[in-house]
Amino acid sequence: MSDLRKLWRLQMLEEQQEKIDKGADPGPVQQLKESKKQIEAAQNNLRELKDRYQRAREQTGTLERRAQELRDSCSMISTKIYDGSLQTKEIKNYQQKLQKLQEELNLLEDRELELMQVKEDIKQEWEDKKQRLDSMAEEFKELHNVYLQDKEETKTRAQGLAREIEVLLQEIGEDPLNKYRQLKTRYRNPVGRITRDTCSGCHLGIPFEKIKQLKYQDDIVLCNHCGRMLFWDPQ
Ligand SMILES: [Zn+2]
C-alpha cells in the first residue's frame with residue numbers, strides 16, 4: 001500500500017474518530033432523563049394516593065368508634081325506657097334523647113358509606129397508576145439496556161480505530177506524515193482523492209500534468225487549487 005493510500009485511509013479513520021469524540025447522540029440520554037422524571041412523578045403520585053387512603057381509613061376508624069358509642073348509648077336508653085322504672089315525663093325526655101342519638105348515628109353511617117366509596121375510588125386509581133408505572137419502568141429498563149449496549153459498541157469501535165491508526169502511523173513515511181499533519185491544521189481532510197480528474201477536497205479539475213506525475217512518480221503531489229495532497233487510485 002502506498003503512503004498516500006495509507007494517508008487516505010488514515011484520514012477516513014480520523015474522521016470516524018472525530019465523530020465519536022464529538023460525543024454520542026444526546027437523544028437517548030435526554031430520553032432516559034425524561035423517562036426517569038416521569039417515573040419519579042408517578043411514584044410520588046402513588047405515595048400521595050397511599051397517604052390519602054390511609055387518612056380515609058383513619059377517618060373510618062374514628063367514625064366506627066363514635067358509631068359504636070352511639071349504638072351503646074341508644075341500647076342503654078332503650079333498656080331504661082322499657083324497664084318500667086321511669087315516669088311518663090321522663091320517658092318522653094329519654095325518647096327525645098334517643099331520637100337525637102339515632103339521627104346522629106344515621107348521619108355517621110351515611111358518612112361511613114361515603115368514605116367506603118372514597119377508599120374504593122382511591123384503590124382503583126392506585127391500581128391503574130401502578131400498572132402504568134410498571135410499564136414505564138419496564139420501558140426505561142429496555143431503553144437503558146440499549147443505551148449501555150450502544151455505548152459499549154462505540155467504545156469497542158473507538159478502540160479498533162485507535163489500533164488501526166496506530167499501525168498506520170508506524171508505517172507511513174515521516175515526510176508524507178508531516179505534510180499531512182501540517183495540512184490538517186488547515187483542512188479536516190488534507191488528502192484529496194482524484195475522481196474523474198477532480199480533487200475530492202475542492203472539487204476542481206486537476207491538470208493532466210499532475211495526473212501524469214502521480215502515475216509515474218512517488219513524490220507527493222499537491223492540488224494546484226487547494227493544496228491538498230492528491231491520492232490517485234487507478235482502480
Ligand atoms: Zn483540491
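Student: Let's start with the second largest pocket: about how much space lies in it, and which residues lie nearest its centre?

Tutor: Happy to! In this predicted model, the second largest pocket holds about 340 Å³ of space. Its lining is made up of 17 residues. Those nearest the centre are S2, L4, L214, Q217 and D218.

Student: Which elements each supply at least two residues of that lining, and how many of its residues are nonpolar?

Tutor: The elements are α1, α5 (208-216) and β3 (229-232), each giving at least two residues to the second largest pocket. By class, that lining has six charged and two polar residues. The nonpolar count is nine.

Student: And in the largest pocket, which element gives the most to the lining?

Tutor: About 400 Å³ of space lies in the largest pocket. Of its 13 lining residues, G23, A24, D25, D150 and T154 are the closest to its centre. Two or more residues come from each of α1 (3-21), α2 (27-82) and α3 (88-171). The element that gives the most, with five residues, is α3.

Student: On to the metal. Why is the arrangement around the zinc ion called tetrahedral or irregular?

Tutor: The zinc ion is coordinated by the SG atoms of C199, C202, C223 and C226, at 2.3 to 2.4 Å. Along the chain these donors follow the spacing C-x2-C-x20-C-x2-C. Four donors count as tetrahedral if all angles lie between 85 and 135 degrees. Here the angles are 104 to 116°, so the arrangement is tetrahedral.

Student: Are C223 and C226 buried or exposed?

Tutor: The cut-off for buried is under 20% relative accessible area. C223 and C226 both fall in that class: they are buried.

Student: Now the salt bridges: which residue pairs with R188, and is that partner buried or partly exposed?

Tutor: R188 sits in the loop between α4 (174-184) and β1 (191-195), and its partner is in helix α1, 173 residues apart. The closest N and O atoms of the pair are 3.2 Å apart. That partner is E15. At 25% relative accessibility, E15 is partly exposed.

Student: How far apart along the chain are E104 and R66?

Tutor: E104 and R66 form a salt bridge, with their closest N and O atoms 3.1 Å apart. E104 belongs to helix α3 and R66 to helix α2, so the pair links distant parts of the chain. Their separation is 38 residues.

Student: And how far apart are E114 and R111 in helix α3?

Tutor: This pair also forms a salt bridge, the closest N and O atoms being 3.0 Å apart. Both residues lie in helix α3, about one turn apart. In sequence that is three residues.

How values were computed:
Residues numbered from 1 in each chain as written. Predicted model: local features only at pLDDT ≥ 70, side-chain atom pairs only at ≥ 80, totals over all residues. Heavy atoms only, no water. Donors = N, O, S within 2.8 Å, 3.2 Å for Na, K, Ca; no water. Tetrahedral: all angles 85-135°; square planar, octahedral: opposite > 155°, others 65-115°. Buried < 20%, exposed > 50% of the residue type's maximum accessible area, 1.4 Å probe, protein only. 1 Å grid on protein atoms, 1.4 Å probe; cavity = no way out; pocket = protein on both sides within 12 Å on 5 of 7 lines; lining within 4 Å. Points joined across faces, edges and corners; volume = space filled by probe spheres on them. Helix = DSSP H or I, 4+ residues; strand = E, 2+ residues; numbered from the N terminus. Nonpolar A, V, L, I, M, F, W, Y, C, P; charged D, E, K, R; others polar. Salt bridge = Lys/Arg side-chain N within 4 Å of Asp/Glu carboxyl O.
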